[in-house]
Amino acid sequence: MKAVLCKAFGPPESLVLEDVPAPEAGPSELLLDVYASAVNFPDVLMIEGKYQSRPPFPFSPGQEVAGVVAAVGEGVTGFSVGDRVFGGTGVGGFAEQITVPAGAMRHMPAGMSFVQASAISTTYGTSYYALKQRAALQPGETLLVLGAAGGVGLAAVELGKAMGARVIAAASSAEKLAAAKAAGADELIDYSDGELKDKVKNLTGGRGADVIYDPVGGELFDQCMRSIAWYGRVLVIGFAAGDIPRVPINLILLKSCQVVGVFYGAWSARFRDEAAENFREILDLYRSGRINPLIGREYPLADYANALRDLSERRAIGKVVVRVRPEPV
Ligand SMILES: NC(=O)c1ccc[n+]([C@@H]2O[C@H](COP(=O)([O-])OP(=O)(O)OC[C@H]3O[C@@H](n4cnc5c(N)ncnc54)[C@H](OP(=O)(O)O)[C@@H]3O)[C@@H](O)[C@H]2O)c1
């Protein structure tokens with residue numbers, strides 16, 4: 001079978017597409033024929049050795065997949081050969097087959113494509129955990145989302161609306177803001193001029209946002225701390241801009257606000273039942289039409305480098321997906 005391999009840290013072009021032996025399902029595992037694997041910013045960081053975890057070489061990027069069960073390992077219940085499943089894999093998705101712990105997979109809802117199913121685990125899982133468990137977002141509160149047309153950002157816009165918040169989407173271009181608007185954002189801020197704080201103040205009558213969702217970091221973070229409302233919660237999601245900001249703790253005192261860390265992968269591994277319940281709710285929102293993951297672009301497996309480059313070069317709108325097999329008709 002074919003797999004994209006990272007044999008040494010480097011840019012997307014340093015990866016190779018090679019034939020490798022097909023994996024076999026061990027105890028408690030499923031063997032999947034992969035149909036699609038969504039790209040996430042951590043894939044970009046991982047191949048460059050900049051992510052918090054470093055898998056042993058060679059590894060395939062791709063931390064979430066959708067596919068069909070090709071074999072069921074010893075002791076697995078609830079899955080059969082032929083089932084359509086999706087879920088988070090950590091690594092390994094950019095390959096024709098993968099073995100995964102059965103507990104990490106879920107059955108695909110009726111009517112969902114493989115491409116969409118591959119793109120829902122990390123982004124919606126992260127954003128729902130952030131807004132529900134970490135921010136306790138309440139109906140009627142104002143939610144400001146940075147990087148609002150990116151993977152986790154667009155999911156936060158949709159979920160924030162579904163939870164009854166007034167959503168201000170902030171992004172770096174008109175095209176990105178149009179995608180956030182289509183996903184339900186109430187107000188839009190273009191921060192391509194580096195200005196955020198005064199625009200947030202203008203839209204909130206000087207009060208600031210109750211919850212700020214920040215997957216961008218860098219220089220905008222300081223403005224987030226100055227745009228948060230009294231008793232607000234600033235969610236630290238990630239640092240796509242590259243720099244890890246410092247927190248001015250005097251502002252935490254002055255605003256009586258909270259700066260809240262979000263690490264979905266670690267939480268979902270520690271609190272499996274709560275994470276499963278969150279996902280049941282996410283799928284209910286999908287079935288009722290209140291969320292609908294936007295697939296901005298699909299690439300064939302052989303075009304993995306461009307798929308990764310869309311994220312590293314700040315081009316992606318919604319989710320970028322590597323399609324491994326054609327969608328069945
Ligand atoms: N905490 C967690 O559990 C968790 C889980 C998943 C992902 N994350 C993190 O969340 C962040 C976003 O991940 P994602 O998969 O949603 O990525 P993405 O789709 O590429 O979105 C990232 C957004 O960041 C903004 N950005 C600003 N400067 C950028 C730069 N120099 N390069 C690229 N993007 C830049 C872009 O929006 P604008 O152009 O509009 O500014 C872009 O839409 C990453 O830092 C990732 O590690 C965290």
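Let's start inside the protein: the largest cavity has a volume of about 50 Å³. Keep in mind as you look around that this is a predicted model. If you go hunting for further enclosed spaces, a search of the whole structure turns up one cavity of 30 Å³ or more.

Who lines this cavity? Walking along the chain, you meet Thr123 and Tyr124, then Gly150, Gly151, Leu154, Ala155 and Glu158, and finally Pro293, Leu294, Gly318 and Lys319. By class, that lining splits into five nonpolar, four polar and two charged residues. Helix 3 and helix 4 each put in at least two residues, and helix 4 has the largest share of the lining, with four. Zoom out a little and you can see that both domain 1 (2-120 + 293-323) and domain 2 (123-265) are involved, each giving at least three residues to the lining of the largest cavity.

Now move over to the ligand. Its shell also draws on both parts of the protein, with at least three residues from each of domain 1 (2-120 + 293-323) and domain 2 (123-265). Two helices you've already met come back here: helix 3 (121-134) and helix 4 (151-162) each supply at least two residues of the shell around the ligand, and so does helix 1 (41-47). There are 25 residues around the ligand, and the ones that come nearest are Ser172, Lys176, Tyr191, Val262 and Arg314. Sorted by class, the shell has 15 nonpolar residues, eight polar ones and two charged ones.

It's worth picking out a few individual contacts. Tyr191, one of those nearest residues, has a polar side-chain atom 2.6 Å from an oxygen atom of the ligand. The backbone joins in as well: a polar backbone atom of Phe41 sits 2.9 Å from a ligand oxygen atom, and for Tyr264 a polar backbone atom is 2.8 Å from an oxygen atom of the ligand. How much of the ligand does the protein cover? On its own the ligand has 900 Å² of accessible area, and the protein covers 90% of that.

Next, have a look at an open space. The second largest pocket holds about 220 Å³. Its lining is made up of 13 residues, and Met1, Ser60, Gly92, Gln97 and Ile98 are the ones nearest its centre. Strand 1 (2-5) and strand 6 (97-101) each supply at least two residues of this lining, with strand 6 giving the largest share, three residues. As for chemistry, the lining of the second largest pocket has nine nonpolar residues, four polar ones and no charged ones.

Before you leave, check two spots in the backbone. Most residues other than glycine have a negative phi, and most peptide bonds are trans. Which peptide bond is cis here? The one from Phe57 to Pro58 is, with omega near -15 degrees. You'll find Pro58 in the loop between helix 1 and strand 4 (64-72). The other spot is Ala136, a residue other than glycine whose phi is positive, near 50 degrees. Ala136 is in a loop too, the one between helix 3 and strand 8 (142-145). That brings us back to helix 3, which you saw supplying at least two residues to the cavity lining and at least two to the shell around the ligand.

Technical notes
Residues numbered from 1 in each chain as written. Predicted model: local features only at pLDDT ≥ 70, side-chain atom pairs only at ≥ 80, totals over all residues. Heavy atoms only, no water. Near = heavy atom within 4 Å. Polar contact = N/O pair within 3.5 Å; in protein donor to acceptor, adjacent residues only side chain to side chain. Areas by Shrake-Rupley, 256 points an atom, 1.4 Å probe, with all protein chains shown as cover. Nonpolar A, V, L, I, M, F, W, Y, C, P; charged D, E, K, R; others polar. Domains from an automatic or database assignment. 1 Å grid on protein atoms, 1.4 Å probe; cavity = no way out; pocket = protein on both sides within 12 Å on 5 of 7 lines; lining within 4 Å. Points joined across faces, edges and corners; volume = space filled by probe spheres on them.
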